[in-house]
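Subject: Structure handover

Hello,

Here is the structure I promised to pass on. Please load it first, then read my notes below.

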Amino acid sequence: MTNREQSDNKFGRKAIQVEEAQARLMNYAGAMEAETVPLEQSLGRYLAESIAAPHPFPAFNRSGMDGYAVVASDTENSRDGGMVWLKVVDNIPCGAVPAGAIIPGTAARIMTGAQVPEGADAVVMLEVTETRDLDGIPHVGVRKPIPSGRNITPLGYELKQGEQVLAAGHKIAAGDIAVLAAFGVHDVPVIRRPRVGVFATGSELLDVKEPLQPGKIRNSNSPMLEALVREAGGEPVMLGAIADELELARSKVHSALETLDLVITTGGVSVGDYDIMGDLVREEAGDMLFNKIAMRPGSVTTAAVRGGKLLLALSGNPGACFVGFQLFARPVIASMQGASESFLPEWTVVLGKDYPKVNNYFRFVRGRLEVRGGSIYAYPAAIDESSVMVTIKDSDCLIIVPPEERGLSAGAKVRAIILP
Ligand SMILES: Nc1nc2c(c(=O)[nH]1)N[C@H]1C(S)=C(S)[C@@H](COP(=O)(O)OP(=O)(O)OC[C@H]3O[C@@H](n4cnc5c(N)ncnc54)[C@H](O)[C@@H]3O)O[C@H]1N2
Ligand code: MOO
Ligand SMILES: [Mg+2]
């Protein structure tokens, strides 16, 4: 047993791997109920059902140009530079229904987006036509043959009726909203957002509005977590900060878990005298999922289940709190919204500069991505200790540094988790 393992054992802690911790959490991160939201509020929500096209799209043969709808074979005779004159029998603006079919020798003036009349199989663009009256009747002259189908988008070109267009669990983006609107889905079936209680523990914590006092710090993790929960699609319910008192924490946790869907705390999970969240979870060992993970930062991240609901106790150290959220809270919140993909994407990137630090755990290093010469580079933050807050803002990825004997050199291929 290593020294580290001996000391973990003394405190009733046994480190598990990141994937194992994630898997244990996901067992309790089932999707919430479905609800409907107005289309204009559906951005970023996860679809509760798949959506199939209720009708073909487009629902009629659509003109792609302003010009004349013609029978293509009529224009054959213009092959040798001769002009073919067609009788103009209709004028079809967008939104109108053609008066009748086009027969050989006739044409209809038509606008972009308007319904192509029966019989017509091509649209000649306005710029290559001439007009004149013959016997007081308007005629259009076409100088070149046009192939059948030209400038017409056929019915069902984009989607056939019944074709699945959006899958359940898909996160709705602007393009999806266009699809839903086009199909008349004004009440969108989505999974309810989980209500996520957030509170901080720490007798040193001041509110953002309070003046600084000796030995104290402002609570920066709570507002950060509020933003992270919102970004992940959850509905944050801010429960303030409490002093490091076990009974206070116990009643806060219990009441929050009774009314909310998930509770996230920050602080007090290590082995210090006032690390009450660690004690709280240990005391109710039957409920504990884990209290040590083989990772840095955030090794002390702790989780428990009560009444089927998750308590995720993140470290107080800001860097560890942030990383713990991205690795554990974000996928849980996504999965509770029925997301088909709960985890952040991982890319293979090139390490931009040496990373000499080593340890026997996986390390998730805050980094910045840069594209150069067709390759994606990731630069580790200048200071990335767990206790450091300020470089969180400079990071758009977490570089995964495996537990190696030696550090990594610039140019090494590494995996990186891409932050939203
Ligand atoms: N003897 C040991 N000491 C520590 C160990 C260990 O294994 N043995 N682990 C270290 C590691 S790793 C971490 S990470 C921290 C975890 O600390 P806690 O989760 O118990 O967090 P606190 O003790 O409450 O606070 C740590 C640090 O973070 C600041 N903090 C706390 N809450 C907030 C907040 N809401 N906003 C901003 N900053 C916050 C707090 O003031 C402390 O500076 O333990 C190590 N120690
Ligand atoms: O494991 Mo602590 O959470 O490094 O930073
Ligand atoms: Mg502590």
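Asp-135 sits in the loop between β8 and β9. The model is predicted, and its backbone here is worth a look. Phi of Asp-135 is near 55°, a positive value in a residue that is not glycine. Asp-135 is exposed, because it has 6 other C-beta atoms within 10 Å and the limit for exposed is 12 or fewer.

The strands on either side of that loop pair with each other. β8 and β9 (residues 137–142) run antiparallel, with 6 bridges between them. Within this pair, Arg-132 has His-139 in β9 as its bridge partner.

Both strands belong to a wider sheet. It is open, has 6 strands and follows the order β7-β4-β6-β5-β9-β8, with mixed pairing. β7 (122–125) and β8 (129–134) are the edge strands; each has a single partner, so one side of each has no neighbour in the sheet. From one strand to the next, the twist averages 40°.

Asn-151 also has a positive phi, about 65°, without being a glycine. Its loop runs between β9 and β10 (152–153). Is Asn-151 buried or exposed? Asn-151 counts as buried, because 21 C-beta neighbours lie inside 10 Å and the threshold is 20 or more.

Next, the cis peptides.

- Phe-57 to Pro-58 is a cis peptide bond, with omega near -5°. Pro-58 lies in the loop between β2 (51–52) and β3 (62–63).
- Arg-296 and Pro-297 are also joined by a cis peptide bond; here omega is about -10°. Pro-297 lies in the loop between β19 (295–296) and β20.

That second bond leads to a ligand. Arg-296 and Pro-297 are both among the residues around ligand 2. The others there are Gly-298, Ser-299, Val-300, Ser-315, Asn-317, Ala-320 and Ser-386. By class, the shell of ligand 2 holds 3 nonpolar, 5 polar and 1 charged residue.

Ligand 1 has 27 residues around it. The closest are Asn-221, Gly-267, Ser-270, Ser-315 and Gly-316. Two elements, α4 (221–231) and α7 (318–336), give two or more residues to this shell. The shell of ligand 1 divides into 9 nonpolar, 16 polar and 2 charged residues. Ser-315 appears in the surroundings of ligand 1 and in those of ligand 2.

Now the interior. Thr-266 is in strand β17. Thr-266 is buried, because 31 other C-beta atoms lie within 10 Å. Beyond its neighbours within four places in sequence, Thr-266 contacts Ala-200, Asn-221, Leu-225, Leu-314, Gly-316 and Cys-321. Among these contacts are Asn-221 and Gly-316, which are also listed as closest to ligand 1.

Thr-266 and Met-277 are 11 residues apart along the chain, and their C-alpha atoms are separated by 8.7 Å. Met-277 belongs to helix α6 (residues 276–283), where Ile-276, Met-277, Gly-278, Leu-280 and Val-281 are buried. What covers them includes β13 (195–201), α5 (246–259), β17 (262–266), β18 (288–290), β20 (302–306) and β21 (309–314).

Which residues touch the most other members of the largest nonpolar core? They are Ile-264, Leu-311, Leu-312 and Val-332, in a core of 72 residues. α7 gives the largest share, 12 residues. Ile-264 contacts Val-196, Val-198, Leu-225, Leu-312, Leu-314 and Ala-329, leaving aside neighbours within four places in sequence. Another core lies apart from this one; it has 21 residues, among them Val-70, Val-71, Ala-122 and Val-124.

Last, the strands β22 to β24. β23 (residues 362–372) and β24 run antiparallel and are joined by 6 bridges. Gly-367 has Pro-380 in β24 as its bridge partner. The two strands form a hairpin with 2 residues between them, and Gly-373 in the turn has a positive phi of about 55°. β24 (residues 375–380) also pairs with β22 (residues 346–351), in the parallel sense over 2 bridges. There, Val-350 is partnered by Tyr-377 in β24.

Best wishes

Note on methods
Residues numbered from 1 in each chain as written. Chains lettered and ligands numbered in written order. Predicted model: local features only at pLDDT ≥ 70, side-chain atom pairs only at ≥ 80, totals over all residues. Pairing = 2+ DSSP bridges. Helix = DSSP H or I, 4+ residues; strand = E, 2+ residues; numbered from the N terminus. Near = placed C-beta within 6 Å. Nonpolar A, V, L, I, M, F, W, Y, C, P; charged D, E, K, R; others polar. Axes fitted to C-alpha atoms, helices over the stretch in contact; angles between N-to-C directions. Contact = placed C-beta atoms within 7 Å. Core = buried A, V, L, I, M, F, W, Y, C linked by C-beta atoms within 7 Å.
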